[in-house]
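Reader: I am new to this structure and should like to understand the terms used to describe it. Could we go through them together?

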Amino acid sequence: MYTVKSVFEKEAREMRAVYCETLQQLARENDRIAVLDADLVGSSGTKPFFNEFPDRAIDCGIQENNMIGVAAGMSAAGMIPFAHSFGPFASRRCVDQIFISCAYAKLNVRIVGSDPGVTAAYNGGTHMPFEDMGALMSIPQITLLEPTDSVQLRWMIRQLEKEYGVYYIRMLRKNAVGVFEEGSDFELGKIARLKEGADVAIVCSGILVGEALKAAAALEAQGVSAAVLNAFTWKPLDAETLAEYAAKCGCVVTAENHNITGGLGAAVAASLARTRPVPVEMVGVNDEFGEVGTEDFLRKRFDLTADHIIRAAKAAIARK
């Protein structure tokens, strides 16, 4: 079971530090855990793993396609590989290898794409993945995940030790806004219900979870009751819970640090079209490329703020 914090503040530890620490803990108990990177060991924060487990850590260099092939081969040999690169290179650059070498071959691989969306900041448009989840969405039987904070990330990495299949984790490298209390437990493929509401349901992921909670509090002060749902599993999507809240609230807002084309908004809308059609407003990047800038600037530039969620909620309610 998970518990939501009463105050939402930036966490003291970076997500990449929690990622590495969790993998080290698992590797001490399980000699099948391995880590691969594409010349980004410092960026991913996995140097401590490389130092402790040099025989189970491979820097594949700037050749992500090959890294995915190596991960597939390691899986075929019985290992559980976690392969990392920046989001655009871990996803769109490797679609064919992920499709054929991993998913089609029914192997057991975890791919970690870091710096999602505007969190790439000064790395700019070439390194700013607004499309990584969309690029992988149509691969059969792949699971797409975006942890909200370090608590959910730690649970996710531990859970994936026990699972089998191809998983893509969209991971913030730096400090997340803490949403969940330590010890929280989740279920893959199930939405985490952060706040109940009756007028509109806000379905959110990643850095937009904190913004959605701010928006819900502001809406509450204006007499609008907003439910907040954390869809940390984008695929398979929790269609049952989405339909439940669509029926209860009568409209939905999606909020994502990603292109709404092929992203969470598109997936939610497609799901509700089959189960419980209601008005859906989408907060996300509207078919654009990334830019260079601070994260705060880019959040405003691409309409990824609590204010934009509030406007979308009011628009959705008006369409009922």
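The exchange below takes up aromatic pairs, burial, strand pairing and cysteines in turn.

Author: Please bear in mind that this is a predicted model.

Reader: How many aromatic pairs are there?

Author: The count comes to eight aromatic pairs. One of them joins Phe130 and Phe302.

Reader: What makes Phe130 and Phe302 an aromatic pair, and what is its geometry?

Author: Ring centres must lie within 6.5 Å for a pair, and planes over 60 degrees apart count as edge-to-face. The centres of Phe130 and Phe302 are 5.1 Å apart and their planes stand at 70°, so this is an edge-to-face pair.

Reader: Which parts of the chain does that pair link?

Author: Phe130 belongs to the loop between strand 4 (109-114) and helix 7 (132-137), while Phe302 belongs to the loop between helix 12 (295-301) and helix 13 (306-318). These distant parts of the chain are 172 residues apart.

Reader: Why is Phe130 called buried, and why is Phe302 called buried?

Author: Buried means a relative accessible area under 20%. Phe130 has 2%, so it is buried. Phe302 has 3%, so Phe302 is buried as well.

Reader: Why is the pair of Trp155 and Phe186 called edge-to-face?

Author: The ring centres of Trp155 and Phe186 are 5.4 Å apart, within the limit of 6.5 Å, and the planes meet at 70°, which is over 60 degrees; the pair is therefore edge-to-face.

Reader: How do you know that the pair of Trp155 and Phe186 ties together separate parts of the sequence?

Author: Trp155 is in helix 8 (residues 150-162) and Phe186 is in the loop between strand 6 (166-171) and strand 7 (192-195), so the pair connects parts 31 residues apart in sequence. Both residues are buried. They also belong to one aromatic cluster, formed by Tyr2, Trp155, Phe180, Phe186 and Phe232.

Reader: What makes Arg301 count as lying over the face of Phe302?

Author: For arginine, the CZ atom must be within 6 Å of the ring centre and within 35 degrees of the ring normal. Arg301 is at 4.4 Å from the ring centre of Phe302 and lies over its face.

Reader: What makes strand 6 mostly covered?

Author: Six of the six residues of strand 6 are buried. Val166, Tyr168 and Arg170 point one way, and Tyr167, Ile169 and Met171 point the other way. In a regular strand, side chains alternate between the two faces of the sheet.

Reader: How do you know that strand 4 and strand 6 pair?

Author: Pairing requires at least two bridges. Strand 4 and strand 6 have six bridges and run in the parallel sense. Ile111 stands opposite Tyr168 in strand 6.

Reader: In what sense, and over how many bridges, does strand 5 pair with strand 6?

Author: Strand 5 (residues 143-145) pairs with strand 6 in the parallel sense over three bridges. Here Leu145 stands opposite Ile169 in strand 6. The chain passes from strand 5 through helix 8 to strand 6 in a right-handed β-α-β crossover.

Reader: What makes the pairing of strand 5 and strand 10 count?

Author: At least two bridges are needed, and these strands have two, in the antiparallel sense. Leu144 stands opposite Lys235 in strand 10.

Reader: Which sheet has seven strands, and which are its edge strands?

Author: The seven strands form an open sheet in the order 2-1-3-4-6-5-10, with mixed pairing. Strand 2 (57-59) and strand 10 (233-235) are its edge strands, as each pairs on one side only. There is also an open sheet of five strands, in the order 7-9-8-11-12, again with mixed pairing.

Reader: How many disulfides are there?

Author: The count is zero. The sulfur nearest to that of Cys20 belongs to Cys60 and is 16 Å away, whereas a disulfide needs two sulfur atoms within 2.5 Å.

Reader: Why is Cys251 not bonded to Cys249?

Author: Their sulfur atoms are 6.9 Å apart, which is not within 2.5 Å, so the distance is too far for a bond. Cys251 has a relative accessible area of 0%, under the 20% limit, and is therefore buried.

Conventions
Residues are numbered from 1 along each chain as its sequence is written. This is a predicted model: local features need pLDDT of at least 70, side-chain atom pairs count only at pLDDT 80 or more; totals for chains, interfaces and linings use all residues. Side-chain values use heavy atoms; hydrogens and water are left out. Rings of Phe, Tyr and Trp (its six-membered ring) pair if their centres lie within 6.5 Å; planes under 30 degrees apart count as stacked, over 60 as edge-to-face and the rest as tilted. Helices (H or I, at least four residues) and strands (E, at least two) are DSSP runs, numbered from the N terminus. Buried means under 20% relative accessible area, exposed over 50%, partly exposed in between (1.4 Å probe, protein chains only). A crossover is right-handed if, with the strands pointing away from the viewer, the path from the first strand over the helix to the second runs clockwise.
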